[in-house]
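Reader: I've got a structure open and I'd like to talk it through with you. Can you pull it up, so we can start with the ligand?

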Amino acid sequence: MSLWEKNLLDIEPYVAGEQPGNDKIIKLNANENPYPPSPMAEKALRELSFTELKKYPDANGAPIIRALAKRNELDEKNVFVGNGSDDVLALAFRAFFNSKKPILYPDITYSFYPVWCDLLKIPYKLCAVDDDFRIDPKDYYEENGGVVIANPNAPTSIAEGRDFIVDILEHNKDCVVIVDEAYADFAPYSAVELIKQYDNLLVTQTFSKSRSLAGMRVGMAFGSEKLISCLRAVKDSYNSYPLDSAAQAAACASVEDEVYFRHTVLKVMQTRDETAAKLRGMGFSVLDSATNFLFATHPDRTAEEIFEYLKENGVYVRYFKKPRIDNYLRITVGTDEQMNTMCELLTKLITASS
Ligand code: PMP
């Protein structure tokens, strides 16, 4: 092997949910929204001037930042946008986790965190969640180089409330605490209101789930002016233009359509709760979800077996062959019709085995 080959970066990248090309497949494996984006976003894209694409987009996303600041009752200096919250989180890890001390996060959480740590050579320590997959805030009292908590957590779907986040912030005043709120629009609590009180808190959110814009790649962060200006400096050291003109136009229109947003989020939550009840009726144990997905296990059939069975029958869910969660399935909430099809298939499987 030549020297340059030996010098290649050796990392294990994050593996996203499969994207099958076949439209007939019921795709419940990437926590996408089953409903289309706001019609206002569609209109904005149709009205986008093709010739204007010859120009660079607004580098800092001024119009979308203005819209997000207004909606969240914040100053524009408290808002950052990026190419999906994965981009925002990667930039935040780069900007804020520079200590020699390890950063802390739960052992069961978003599996991109270890990938960024390995890529950016950030030391980290995993804090084990309990047997009910709950996070103990006391695990985050020790000295550290930063904290990242997904709330609601993924893939468990469990949300913690204000007291939990405040507890972590009160015990971590010397480091940056990132709260990854990719699913917070489906949950009772968002920590955005705390950024005025805690200048070391960064909250990230996304347009990919509640706003049905996963394909446009729009994510954002809310934080103190200091944190946001540092994020901007890091972004401008990689690429000044992460959000393209089309994404900015669609995102602005989406933020302005509050009625459609609330309507779709409520619909997903309703289908989620109905599906959870049906699954429990079949003997599944389903964690209380505050997201757009369900995390479930069955006593009689292994998760891997159910995953393969559903896949053979055209329903894709997510299965993680990982310690502690390898007998669970993560099922994205689809339309009522999609969930009914899945439940009918599961009923057949479960009754066949009893
Ligand atoms: N955080 C969590 C917990 C997620 O599950 C996801 C979706 N994979 C993301 C962040 C990133 O989402 P996006 O880049 O689409 O905003």
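Author: Sure. One term before we start: a polar contact here is a pair of N or O atoms within 3.5 Å. Keep in mind that this is a predicted model.

Reader: How far is the side chain of tyrosine 110 from a nitrogen atom of the ligand?

Author: The cut-off for a polar contact is 3.5 Å. An N or O atom in the side chain of tyrosine 110 pairs with a ligand nitrogen, and the distance is 3.1 Å.

Reader: And which residues have a polar side-chain atom 2.7 Å from an oxygen atom of the ligand?

Author: One is tyrosine 183, with a polar side-chain atom at 2.7 Å from a ligand oxygen. An N or O atom of another side chain also sits 2.7 Å from an oxygen of the ligand, and that side chain belongs to arginine 217.

Reader: How much of the ligand's accessible area does the protein cover?

Author: On its own, the ligand has 400 Å² of accessible area. Of that, the protein covers 92%.

Reader: Which helix gives the largest share of the shell around the ligand?

Author: The ligand is surrounded by 13 residues, with Ser85 and Asp180 among the closest. By type, the shell holds five nonpolar, four polar and four charged residues. Its largest share, four residues, comes from residues 84-96, helix H4.

Reader: Moving on, at what angle do the axes of H2 and H8 cross?

Author: Helix H2 covers residues 39-46 and helix H8 residues 245-256. Their crossing is right-handed. The axes come within 8 Å, and the angle is roughly 145°.

Conventions:
Residues numbered from 1 in each chain as written. Predicted model: local features only at pLDDT ≥ 70, side-chain atom pairs only at ≥ 80, totals over all residues. Heavy atoms only, no water. Near = heavy atom within 4 Å. Polar contact = N/O pair within 3.5 Å; in protein donor to acceptor, adjacent residues only side chain to side chain. Areas by Shrake-Rupley, 256 points an atom, 1.4 Å probe, with all protein chains shown as cover. Helix = DSSP H or I, 4+ residues; strand = E, 2+ residues; numbered from the N terminus. Nonpolar A, V, L, I, M, F, W, Y, C, P; charged D, E, K, R; others polar. Axes fitted to C-alpha atoms, helices over the stretch in contact; angles between N-to-C directions. Left-handed = near helix turned anticlockwise from the far one by under 90°.
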